[in-house]
Amino acid sequence: MEILKNFFVLEGLDGSGTTTQGKLLNEKITHSVFTHEPTNGKIGQLARQVLKNEYPTTPLALAHIFAADRSEHLFAKDGIVNQCQSGLKVICDRYFFSSVAYQSLEVDFDLVCQINNQFPLPQILFFIDTPVEVCLQRISSRNESEIFDKKNLQEKVLTNYLKILDRFQNQGMQIIKIDGTQTVEQILAEELQYLI
Ligand code: TYD
């Protein structure tokens, strides 16, 4: 898998702080854009409907929905690839590592990897490592309920994340693991060291 220069991804459990960090990075870095997966497009909205159980489907179909959303996100005319190639720095909250971590709860790990194996790797992957307990506490105050919120599921998601990060060691992509129990400012400062 090829590395896409200028492409930076944030990953972590629900409540780990990826969205907060992505938005802050976008404010700090010149010529940057912030985006996220699932996207706000039609396919991304469909993924969110499945997550909220408004449109139940099969786990494998959901894995394909996320991959379709991602394909459009990357390869559309105004998509990530063209933006990065034009010199913009694209900061993305979640990417295919989320698919591997979450969809592998119900779909074979290698099959999820295979569905996502045509996508470029980011220049840097920041993994915000926040303990499950802390994440769950933060989520519980959000008053939203999605299908992956439970504690034992989040622990499995974390295991899957560690497994996929391990597989991508030494493949050219820089993987930066950050202690998510630090303050928002400390985490941001750590990330900025790699970006400026
Ligand atoms: P999240 O970043 O929590 O969005 P929001 O803050 O708007 O609710 O993402 C929603 C959920 O989507 C999250 O639980 C992880 C899940 N997800 C997958 O299961 N697979 C994927 O490929 C992606 C991108 C996200």
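How many nonpolar, polar and charged residues does the shell around the ligand have? By class, this shell has five nonpolar, three polar and six charged residues. In this classification, Ala, Val, Leu, Ile, Met, Phe, Trp, Tyr, Cys and Pro count as nonpolar, Asp, Glu, Lys and Arg as charged, and the others, Gly among them, as polar. The structure is a predicted model, in which local features need pLDDT of at least 70, side-chain atom pairs count only at pLDDT 80 or more, and totals for chains, interfaces and linings use all residues. Residues are numbered from 1 along each chain as its sequence is written, and side-chain values use heavy atoms, with hydrogens and water left out.

The ligand is surrounded by 14 residues, where a residue is near a molecule or strand if one of its heavy atoms lies within 4 Å of it. The closest of the surrounding residues are Asp 14, Arg 70, Arg 94, Ser 99 and Gln 103. Two side chains approach oxygen atoms of the ligand: a polar atom of Asp 14 lies 2.7 Å from one oxygen atom, and a polar atom of Arg 48 lies 3.0 Å from an oxygen atom. In addition, an N or O atom in the side chain of Gln 103 is 2.7 Å from a nitrogen atom of the ligand. On its own, the ligand has 550 Å² of accessible area, of which the protein covers 87%. Accessible areas come from the Shrake-Rupley method with a 1.4 Å probe; for residues, only the protein chains shown count as cover.

Three elements give two or more residues to the shell around the ligand, namely helix H2 (42–51), helix H3 (59–75) and helix H5 (96–103). The greatest contribution comes from H5, with four residues. Helices (H or I, at least four residues) and strands (E, at least two) are DSSP runs, numbered from the N terminus.

The strands form an open sheet of five, in the order S2-S3-S1-S4-S5, with parallel pairing. Strand S2 (32–36) and S5 stand at the edges, and each has a single partner strand, so one side of each is left without a neighbour in the sheet. From one strand to the next, the twist averages 20 degrees; axes are lines fitted to C-alpha atoms, for helices over the stretch in contact, and angles run from 0 to 180 degrees between N-to-C directions. Two strands are taken to pair if DSSP finds at least two bridges between them. In general, strands of a sheet pair through backbone hydrogen bonds, either parallel or antiparallel.

Strand S4 (residues 121–129) pairs with strand S1 (residues 3–11) in the parallel sense over six bridges. S4 also pairs with strand S5 (residues 174–179), again in the parallel sense over six bridges. Individual positions illustrate these pairings. Ile 124 in S4 stands opposite Phe 8, and the bridge partner of Ile 124 in S5 is Gln 174. Phe 127 stands opposite Lys 177 in S5. S4 is mostly covered, with seven of its nine residues buried; buried means under 20% relative accessible area, exposed over 50%, and partly exposed in between (1.4 Å probe, protein chains only).

Several single residues were also examined. Thr 18 is placed in helix H1 (residues 18–28) and counts as buried because its relative accessibility is 5%. The side chains of Thr 18 and Asp 93 are joined by a polar contact of 2.7 Å. A polar contact is a pair of N or O atoms within 3.5 Å; within protein, one must be able to donate a hydrogen and the other to accept it, and residues adjacent in sequence count only if both atoms are side-chain atoms.

Backbone geometry is notable at three positions. Most residues other than glycine have a negative phi, and most peptide bonds are trans. Asn 6, which lies in strand S1, has a positive phi near 75 degrees and is buried, at 11% relative accessibility. Arg 94 is not a glycine, yet its phi is positive, at about 80 degrees. Arg 94 is found in the loop between strand S3 (89–93) and H5 and is buried, with a relative accessible area of 13%. The peptide bond from Glu 37 to Pro 38 is cis, with omega near -5 degrees, and Pro 38 lies in the loop between S2 and H2.
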